[in-house]
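Work through the exercises below with the model open. Each task is followed by a solution in steps.

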Amino acid sequence: MEAQKNTKKYWVLFFTWFVILIALFVVYREFFWLALPGTLTYFAKAMDLF
């Protein structure tokens, strides 16, 4: 049986990056893509995909 990983830290980081993504989309629409790598990376880590 595998030990369960603690992903709370990654969920907090994902939601932080998600808020940054939304803020950039609203304020500086041309720069919102700069927050995509952080958002997608921490979402994948929070879902324990890798």
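Helices (H or I, at least four residues) and strands (E, at least two) are taken as DSSP runs and numbered from the N terminus. The model is predicted, so local features need pLDDT of at least 70 and side-chain atom pairs count only at pLDDT 80 or more, while totals for chains, interfaces and linings use all residues. Residues are numbered from 1 along each chain as its sequence is written, and side-chain values use heavy atoms, with hydrogens and water left out.

**Exercise 1. Describe the fold and the spread of the chain.**

Task: state how many helices and strands the chain has, then compare its radius of gyration with the globule rule.

Solution.
Step 1. Two helices and zero strands are present in the chain.
Step 2. The radius of gyration is taken over C-alpha atoms, and the globule rule is 2.2 Å times the number of residues to the power 0.38. For 50 residues the rule gives 10 Å; the chain has 13 Å, well over that value, so it is more spread out than a compact globule.
Step 3. The C-alpha trace spans about 45 × 15 × 10 Å along the principal axes of the chain.

**Exercise 2. Characterise the surface.**

Task: find what share of the residues is buried, and list the residues of the nonpolar patch.

Solution.
Step 1. Buried means under 20% relative accessible area, exposed over 50%, and partly exposed in between (1.4 Å probe, protein chains only). Of the 50 residues in the chain, 16% are buried.
Step 2. Accessible areas come from the Shrake-Rupley method with a 1.4 Å probe; for residues, only the protein chains shown count as cover. The chain has an accessible surface of about 4,300 Å², and carbon and sulfur atoms account for 71% of it.
Step 3. Patches are made of residues with over 30% relative accessible area and no salt bridge (a side-chain nitrogen of Lys or Arg within 4 Å of a carboxyl oxygen of Asp or Glu). Like charges are joined within 9 Å, and nonpolar side chains (Val, Leu, Ile, Met, Phe, Trp, Tyr) within 5 Å.
Step 4. The nonpolar patch consists of Phe15, Phe18, Ile22, Phe25, Val26, Val27, Tyr28, Phe31, Trp33 and Leu34, together with about 1,000 Å² of accessible area.
Step 5. Take Val27 from this patch. Val27 belongs to helix H1 (residues 8-27) and counts as exposed because its relative accessibility is 55%.

**Exercise 3. Analyse the aromatic contacts.**

Task: classify the pair of Phe14 and Phe43, and say which parts of the chain the pair ties together.

Solution.
Step 1. Rings of Phe, Tyr and Trp (its six-membered ring) pair if their centres lie within 6.5 Å; planes under 30 degrees apart count as stacked, over 60 as edge-to-face and the rest as tilted. Nine aromatic pairs occur in the structure.
Step 2. Between Phe14 and Phe43 the ring centres are 5.3 Å apart and the planes stand at 50°, so the pair is tilted.
Step 3. Phe14 lies in helix H1 and Phe43 in helix H2 (residues 36-46), so the pair ties together parts that are 29 residues apart in sequence.
Step 4. Phe14 is buried at 11% relative accessible area, whereas Phe43 is partly exposed at 34%.
Step 5. One aromatic cluster is formed by Trp11, Phe14, Phe15, Phe18 and Phe43.
Step 6. A charge sits over a ring if NZ of Lys or CZ of Arg is within 6 Å of the ring centre and within 35 degrees of the ring normal. Arg29 lies over the face of Phe25, 4.4 Å from the ring centre.

**Exercise 4. Examine a backbone angle.**

Task: what is notable about phi of Asp48?

Solution.
Step 1. Most residues other than glycine have a negative phi.
Step 2. Asp48 has a positive phi, near 60°, and is not a glycine.
Step 3. Asp48 sits in the segment after H2 and is partly exposed, with 40% relative accessible area.
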